[in-house]
Amino acid sequence: MRLRTLTLAAASGTALLAAGLLPAHASAAASPKSAQEGTVSAADLLAKVTSCSQISSGKYRTDEETSATVPVCGKNGAVFWKADMDIDCDGQRTTNCNENRDPWYQDDTAFHQSDGKPLKAETLPYVVVPSTSGIWNYSSAGIKGGGVVAVIYNNKVEYAVVGDTGPTQIIGEASYATAKALGIDPDPATGGADSGVTYILFKNSQVSPIESHSAAVTLGDKLAKQFLAGN
């Protein structure tokens, strides 16, 4: 995140080491094209999330220094929140995601590619979910690694996967590739969006392999249509 503290980053790194996850390194590949993706419009999706039925026990902050104002909301077949977008550049080292570009860089992600390597934030659109806490447990809500997310900003839709976990009290973070596709400054140190980002996470979904963005778009478009029909 743009405003993550080194303490939070270190804590997350410790948890990853404890889990026995190993770093991997690779060069950058082509980034996804700019959104709109799929056939469902941003306006149609946003029309279904105008009100919130809160499912989280409390609310999240968007950054370390802000107050807790963001609930996780429930809908038929999905959960959603409206927040900012901080930039996650963790995972495989690439041209724009590394220690020199990101003060909080970590060489691993909570969920891995089909070959066991960490995800590649520079080229794979993914979203960060808050780690399990008393506020909310994402897995109990039917959200899993590789699950499909519709990310909406400035009348654009980008499909992403659940790719990493973050601090327990902060929400609103996505990969470099997600931001770039939506026209948001993807710089991990200075970029991001202060507000106006909607994240719709489809329950019990999973892209296989997790690193296939085209598979995420195909499944995401299908689930978005079901979401419109069911809400």
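# A tour of side-chain pairs

Start by selecting arginine 61, which is buried but has no salt bridge; the nearest side chain of opposite charge, that of glutamate 64, is 4.2 Å away. Three terms need their cut-offs here. Buried means a relative accessible area under 20%, exposed means over 50%, and partly exposed is in between, using a 1.4 Å probe and protein chains only. A salt bridge is a side-chain nitrogen of Lys or Arg within 4 Å of a carboxyl oxygen of Asp or Glu. For charge, Lys and Arg count as positive and Asp and Glu as negative, while His and the chain ends are not counted.

The model is predicted: local features need pLDDT of at least 70, side-chain atom pairs count only at pLDDT 80 or more, and totals for chains, interfaces and linings use all residues. Residues are numbered from 1 along each chain as its sequence is written, and side-chain values use heavy atoms, with hydrogens and water left out.

**Stop 1: around arginine 61**

Keep arginine 61 selected; its place is the loop between α2 and β1. Helices (H or I, at least four residues) and strands (E, at least two) are DSSP runs, numbered from the N terminus.

What does the side chain of arginine 61 make a polar contact with? Select glutamine 169: its side chain is the partner, at 2.7 Å. A polar contact is a pair of N or O atoms within 3.5 Å; within protein, one must be able to donate a hydrogen and the other to accept it, and residues adjacent in sequence count only if both atoms are side-chain atoms. Now show the backbone of glutamate 64, whose oxygen lies 2.9 Å from a polar atom of the arginine 61 side chain.

Leaving aside neighbours within four places in sequence, arginine 61 is in contact (heavy atoms within 4.5 Å) with Thr66, Ser67, Ala68, Gln169, Ile170 and Ile171.

**Stop 2: serine 67**

Select serine 67, in the loop between α2 (42-47) and β1 (73-75). Is serine 67 buried or exposed? Serine 67 is exposed, at a relative accessible area of 51%. With neighbours within four places in sequence set aside, serine 67 is in contact with Tyr60 and Arg61. Add isoleucine 170 to the view: serine 67 and isoleucine 170 are 103 residues apart in sequence, and their C-alpha atoms are 9.9 Å apart in space.

**Stop 3: salt bridges**

Side chains of opposite charge can pair when their charged atoms come close. How many salt bridges does a search of the whole structure find? The search finds 4.

Select aspartate 107 and arginine 93, which form a salt bridge with their closest N and O atoms 3.8 Å apart. Both residues of this pair lie in the loop between β2 and β3 (126-130), 14 residues apart. Aspartate 107 is partly exposed, at 23% relative accessibility, and arginine 93 is partly exposed with a relative accessible area of 23%.

Next, select arginine 101 and aspartate 187: the closest N and O atoms of this salt bridge are 3.7 Å apart. Arginine 101 is in the loop between β2 and β3, and aspartate 187 is in the loop between α3 (176-181) and β7, 86 residues apart. Arginine 101 is partly exposed, at 32% relative accessibility.

Then move to aspartate 221 and lysine 225, whose side chains meet in a salt bridge (3.6 Å, N to O). They are separated by about one helical turn, because they are 4 residues apart in helix α4. Aspartate 221 is buried, at 11%, whereas lysine 225 is partly exposed, at 45%. To finish this stop, select Arg93, Glu99 and Asp107, which are joined into one network by salt bridges that share partners.

**Stop 4: aromatic rings**

A pair of aromatic rings is described by the distance of the centres and the angle of the planes. Rings of Phe, Tyr and Trp (its six-membered ring) pair if their centres lie within 6.5 Å; planes under 30 degrees apart count as stacked, over 60 as edge-to-face and the rest as tilted. By this rule there are 3 aromatic pairs.

Select tryptophan 81 and tyrosine 199, a tilted pair with 5.9 Å centre to centre and 35° between the planes. Tryptophan 81 lies in strand β2 (residues 78-88) and tyrosine 199 in strand β7 (residues 193-202), so the pair ties together parts 118 residues apart in sequence. Tryptophan 81 is buried, at 0%, and tyrosine 199 is buried, at 0%. Add Trp136 to see the cluster that ring pairs make of Trp81, Trp136 and Tyr199.
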